[in-house]
Amino acid sequence: MVAGDAKYTGDSRAASQLRKGVLEYCVLALLRDGPRYGVELVEELARVDAMATSQGTMYPLLSRLRRSGLADTHLRESDSGPPRRYYTLTDAGRAALREFADDWPAFRAAVDHFLTPGETT
């Protein structure tokens with residue numbers, strides 16, 4: 001949860017649809033900070049109530065990012081089991097994240113316009 005916000009439960013249909021729409025870009029943003037493996041991404045997203053997701057959602061998303069050239073993978077040995085597949089951001093992934101970050105403020109403002117009573121005229 002973001003500091004100062006009311007408790008966000010995120011269990012509504014609307015919350016689920018919003019999460020699906022931005023999850024890919026949140027993962028790209030996390031990868032911008034360095035290589036990560038799937039469970040680590042799930043745990044990091046869970047730190048913000050609205051973005052909590054499951055491994056069952058994360059791994060197909062990571063596969064799509066890899067297939068579309070936005071992320072790359074490599075195996076790294078683990079101290080606690082088999083090697084882990086780490087995901088890294090590609091140049092195309094950086095470009096996609098920049099594009100989203102550029103578009104997000106105007107998109108958010110447009111939605112806020114319609115949600116604010118009296119603003120739709």
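Helices here are DSSP runs of H or I with at least four residues, strands are runs of E with at least two, and both are numbered from the N terminus. With that in hand, the chain reads α-β-α-α-β-β-α along the sequence. That gives four helices and three strands. One caution before we go on: this is a predicted model.

Some overall figures. The chain has 121 residues, and 28% of them are buried. Now take the contacts between residues at least 6 apart in sequence. Of these, 49% join residues at least 24 apart.

Let's start with the sheet. In what order do the three strands stand? The order is β1-β3-β2, in an open sheet with antiparallel pairing. In general, strands of a sheet pair through backbone hydrogen bonds, and they do so in parallel or antiparallel fashion. Here β1, residues 36–37, and β2, residues 71–78, are the edge strands. Each has a single partner strand, so one side of each has no neighbour in the sheet.

Take the two pairings in turn. β2 pairs with β3, residues 81–89, over seven bridges, in the antiparallel sense. These two strands form a hairpin, with two residues between them. Within this pairing, His 74 stands opposite Tyr 86 of β3. β1 also pairs with β3 in the antiparallel sense, over two bridges. There, Arg 36 faces Tyr 87 of β3 as its opposite residue.

Tyr 86 comes up again. The charged end of Arg 76 sits over the ring of Tyr 86, 4.0 Å from the ring's centre. A second arginine does something of the kind elsewhere: Arg 84 lies over the face of Tyr 37, 4.2 Å from the ring centre.

Just ahead of the sheet there is a glycine to point out. Gly 34 is in the loop between α1 and β1. Is Gly 34 buried or exposed? Gly 34 has a relative accessible area of 18%, and buried means under 20%, so Gly 34 counts as buried. Gly 34 and Leu 89 are 55 residues apart in sequence, yet their C-alpha atoms are 7.8 Å apart in space.

On to the helices. Two packed helices are described by the angle between their axes and the distance between those axes. Begin with α1 and α2, where α2 covers residues 38–46. Their axes come within 11 Å and cross at roughly 110°. Angles of 65 to 115 degrees count as roughly perpendicular, and α1 and α2 are therefore roughly perpendicular to each other. Which residues meet here? From α1 come Leu 23, Cys 26, Val 27, Leu 30 and Leu 31. From α2 come Leu 41, Glu 44 and Leu 45.

Next, α1 and α3, the helix of residues 55–67. These pack at an angle of about 75°, with axes 11 Å apart. So α1 is roughly perpendicular to α3 as well. On the α1 side, the contact is made by Leu 23, Glu 24, Val 27 and Leu 28. On the α3 side, Thr 57, Met 58, Leu 61, Leu 62 and Leu 65 take part. Note Leu 23 and Val 27: both appear in the contact with α2 and in the contact with α3.

Last topic, the aromatics. How many aromatic pairs does the structure hold? Four. One of them is Tyr 25 with Phe 100. That pair is stacked, at 4.2 Å centre to centre and 5° between the planes. Where do the partners sit? Tyr 25 is in α1, residues 13–32, and Phe 100 is in α4, residues 91–115. The pair links distant parts of the chain, 75 residues apart.

Now their exposure. Tyr 25 is at 23% relative accessibility, so Tyr 25 counts as partly exposed. Phe 100, at 22%, is partly exposed too. Finally, Tyr 25 and Phe 100 join Trp 104 and Phe 107 in one aromatic cluster.

Conventions: Residues are numbered from 1 along each chain as its sequence is written. This is a predicted model: local features need pLDDT of at least 70, side-chain atom pairs count only at pLDDT 80 or more; totals for chains, interfaces and linings use all residues. Side-chain values use heavy atoms; hydrogens and water are left out. Two strands pair if DSSP finds at least two bridges between them. Rings of Phe, Tyr and Trp (its six-membered ring) pair if their centres lie within 6.5 Å; planes under 30 degrees apart count as stacked, over 60 as edge-to-face and the rest as tilted. Buried means under 20% relative accessible area, exposed over 50%, partly exposed in between (1.4 Å probe, protein chains only). A charge sits over a ring if NZ of Lys or CZ of Arg is within 6 Å of the ring centre and within 35 degrees of the ring normal. Axes are lines fitted to C-alpha atoms, for helices over the stretch in contact, and angles run from 0 to 180 degrees between N-to-C directions. Angles under 35 degrees count as roughly parallel, over 145 as roughly antiparallel, 65 to 115 as roughly perpendicular and the rest as oblique. Contact means heavy atoms within 4.5 Å.
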